[in-house]
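Open the structure in your viewer and keep the sequence panel beside it. The tour below says what to select at each stop and what is there.

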Amino acid sequence: MRGVSEFLSFSGSKGMPLLVSSQGKMENMLYAEELVREFLVFRGFTNTLQAFVKELGTDIGKGFQVDKILELIFSIYVPKFQAENLIELLSFFKQCFSSHETELTSIISDLDVSILRYYIIHAIQAGRKDKVIELFDIHGSELLQKDQEWASWFAIPYIKTPQSEPQFRVYFSKEWSNALHLSLRNFLSKMLYGTMSRIPALMKISSERNMVSRLKGDIKQLNFKLAQLQVLLEEKETQLHQLRSNALLATEVIVGTNSSSNPLAGSGEPTVSGTAASHDICVSATPQAGEREPKYIDDIRPDDTQVSTSKISSHGSQDTGNEVEREEEFPEVRVDFQETFLGHTSPISRCRFSATGDNVASASVDGTVRIWTYDSSAPTSRNATIYCGAEIMSLEWECKSDRLLLIGTADGGIKAWNVDAKRVVCDLSCTETFPSVLDLKCSPVEPIFVSAAASRGPGSSDIGKLGCASLTVWNMRTWKAMTVLPLGEDPPPITSVCFNHNGKLLAAAATDGMIHMFDMSAGLQITGWPAHDSAISSVLFGSDETSIFTLGIDGKIFEWSLQNQGKIVWSRDWSRFCNLQTSSHYKHEMALDADGRRLLVTSNSPRAPIYQVRGHAYGMRTLPHSASITTVDWHPTSPIFLTGSSDHSVRVTSMA
């Protein structure tokens, strides 16, 4: 109520506070006026609303816009001899500025006198002495009470040539009228835009809302720049590591050669060449977890030299020898902040960031989906719990906004949840033949999505025991099936699908180890190739879309070239972290960060690996959950990732 009453007194003609300047001054004013209207309607104050609208229509202060006020005085009131309106306006501004110090009050009085004298001079020059006499008849006594100098002005309508009189000559000059224009403009600008002014609380809402919006935009831009700098730092660290590794290889070869040719080599006395003995060359080809600096020759025991030499002999001088990874020794990821969500009561099956990254959807095997936010400053109006009545097997946010969430279940259901309305807007059903909705993907361009469903034995959760497949394209406006993509007779289940950036291509991974590529405009399969010897659990397009990543239950991660089909451009052995044959959930998955340089993979252990894609020898490990990590996802723009676990928790982790 304080803000509304303050604004009403501000917008009236008595005791009005002043505005503070900004480019969005009028926008703030209009927004505040709209809020007042809305409040008066809500309270049922119809008479007050009518009076408010009426006063807005006759806004004597012209929204406190200096140019409009000057136009009102010098282009309407004075030329049209509207003396009453002019005096009313001057009185209005005198009331507005009456709360200020005496010096300003004196300036206001002087300007009032000058404006009235300008009116009189203009009337004399226009031959309308009657308007001057009319002014003095109505307001003469009032003017004399304020200033006795007006007494001599009462004679001006009766003087033949007042412009020749010394007392009045200066007022007829162009210089005086121009000076009045300038003085009045400067004064109004200072008063209406000056730092001494204050804004009513109601008008701060729009400004603060815009400021918060700008700050959020700045934060996103800074986070993006930070991510770019982190990637650049990693590249430089990798280059430094490779340079050290090359120097190390050369040193170890020399050490091995000298050891075999030296007659003392078999006596247990370590022999090192003069080059290798210098303090500038390092020996440890594979530093332990957390090591940033290599060991130097002075710090190496004879056993260290023998181990390093044996590594060279076993791997040779091939480049892959430098890329040997020991996942169990990955350093722990450096964390900026981490939030843990504990709203679920069963193991987590899926978790996904929304299109903007502001909201998170997470599902558990008990058939519930929770929508929440990890940012304490973000609104919680979308937070909700959705009860689906069956195990959740897939989640997908609409790509263009955060408005819709698609949910696929184990009983053939596909629900579309509107997060703003907090209700299911569509409840689709696959055929009874294909009850398991293994994956859902929305097109990044068109209002369509694809569902990958499969037949499944009762109670079966093993990816190898799934039956036949169905790949259906749905329209998100009519919520009807558009077409079924051809897979041939009795096709193996499609476990994972992925659109490219323009939605023209769809990649689908199957349990027989094949990758299928579809042209979505034609609805036909255009190519395919065998990627794994066993089932593929997840498929992703690379960030530059010249490659495809596949995750197989054979414990392999491959990056396949799309320009040279069938060629592997990068690979990793994932089996040390994930043994699908002992997995407690049916499908592992992977996720690429916004830059396509980090690949996060689920794990049977409490930690999940984060691989550095292409040319990066070492990865990282996530902070531990208390049980296996069942689902992962990356924020769409920032170095923040999600991990869901069978310990019922979901974590949001920001990398430092």
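Helices here are DSSP runs of H or I with at least four residues, numbered from the N terminus. The model is a predicted one.

**Stop 1: a helix residue**

Select helix 6, residues 102-125, and pick out Asp112 within the helix. Is Asp112 buried or exposed? Its relative accessibility is 10%, so Asp112 counts as buried; the cut-off for buried is under 20%. Now show the contacts of Asp112. Leaving aside residues up to four places away in sequence, Asp112 touches Leu90 and Lys94.

**Stop 2: a four-stranded sheet**

Move on to strands 2, 3, 4 and 5. They form an open sheet in the order 2-3-4-5, and the pairing is antiparallel. Colour strand 2 (348-353) and strand 5 (384-387): these are the edge strands, and each pairs on one side only. On average, neighbouring strands of this sheet are turned by 15° against each other, direction ignored.

Zoom to one edge. Strand 4, residues 368-372, pairs with strand 5 over four antiparallel bridges. Which residue of strand 5 is the bridge partner of Val369? Select Ile386 to see that partner.

**Stop 3: an enclosed strand**

Select strand 8, residues 413-418. How many of the six residues of strand 8 are buried? Six of the six are, so strand 8 is largely enclosed by the rest of the structure. Side chains in a regular strand alternate between the two faces of the sheet. Show them here. Gly413, Lys415 and Trp417 point one way from strand 8, while Ile414, Ala416 and Asn418 point the other way, and all are buried.

Add strand 7, residues 404-409. Five bridges link strand 7 to strand 8, in the antiparallel sense. Gly408 stands opposite Ile414 of strand 8. Three residues lie between the two strands in this hairpin, where Gly412 takes a positive phi near 85°.

Then add strand 9, residues 423-429, which runs antiparallel to strand 8 and is joined to strand 8 by six bridges. Label Ala416 and Cys426 in strand 9; they are bridge partners. The hairpin of strand 8 and strand 9 has four residues between the strands, and Lys422 there has a positive phi near 55°.

**Stop 4: a loop residue**

Jump to Thr478. This residue sits in the loop between strand 12 (466-475) and strand 13 (480-484). Thr478 counts as partly exposed because its relative accessibility is 46%. Put a distance label from Thr478 to Ile448. Their C-alpha atoms are 9.9 Å apart, with the residues 30 apart along the chain.

**Stop 5: a sheet from both ends of the numbering**

Select strands 1, 28, 27 and 26. These four strands form an open sheet in the order 1-28-27-26, with antiparallel pairing. Strand 1 (335-341) and strand 26 (629-634) are at the edges with a single partner strand each, so one side of each has no neighbour in the sheet. The average turn between neighbouring strands of this sheet is 20°, direction ignored.

Inside the sheet, strand 27 (residues 640-645) and strand 28 (residues 650-655) pair antiparallel over five bridges. Thr643 has Arg651 in strand 28 as its bridge partner.

**Stop 6: the annotated repeats**

Finish with the record. An unreviewed UniProt entry lists "repeat: WD" at residues 341-382, 529-564 and 622-656. Select 529-564: the span is 0% helix and 56% strand, and its end C-alpha atoms lie 12 Å apart. Residues 622-656 are 0% helix and 51% strand, with end C-alpha atoms 12 Å apart.

Notes:
Residues numbered from 1 in each chain as written. Predicted model: local features only at pLDDT ≥ 70, side-chain atom pairs only at ≥ 80, totals over all residues. Heavy atoms only, no water. Pairing = 2+ DSSP bridges. Axes fitted to C-alpha atoms, helices over the stretch in contact; angles between N-to-C directions. UniProt positions renumbered as here; feature names shortened; annotations may be inferred. Buried < 20%, exposed > 50% of the residue type's maximum accessible area, 1.4 Å probe, protein only. Contact = heavy atoms within 4.5 Å.
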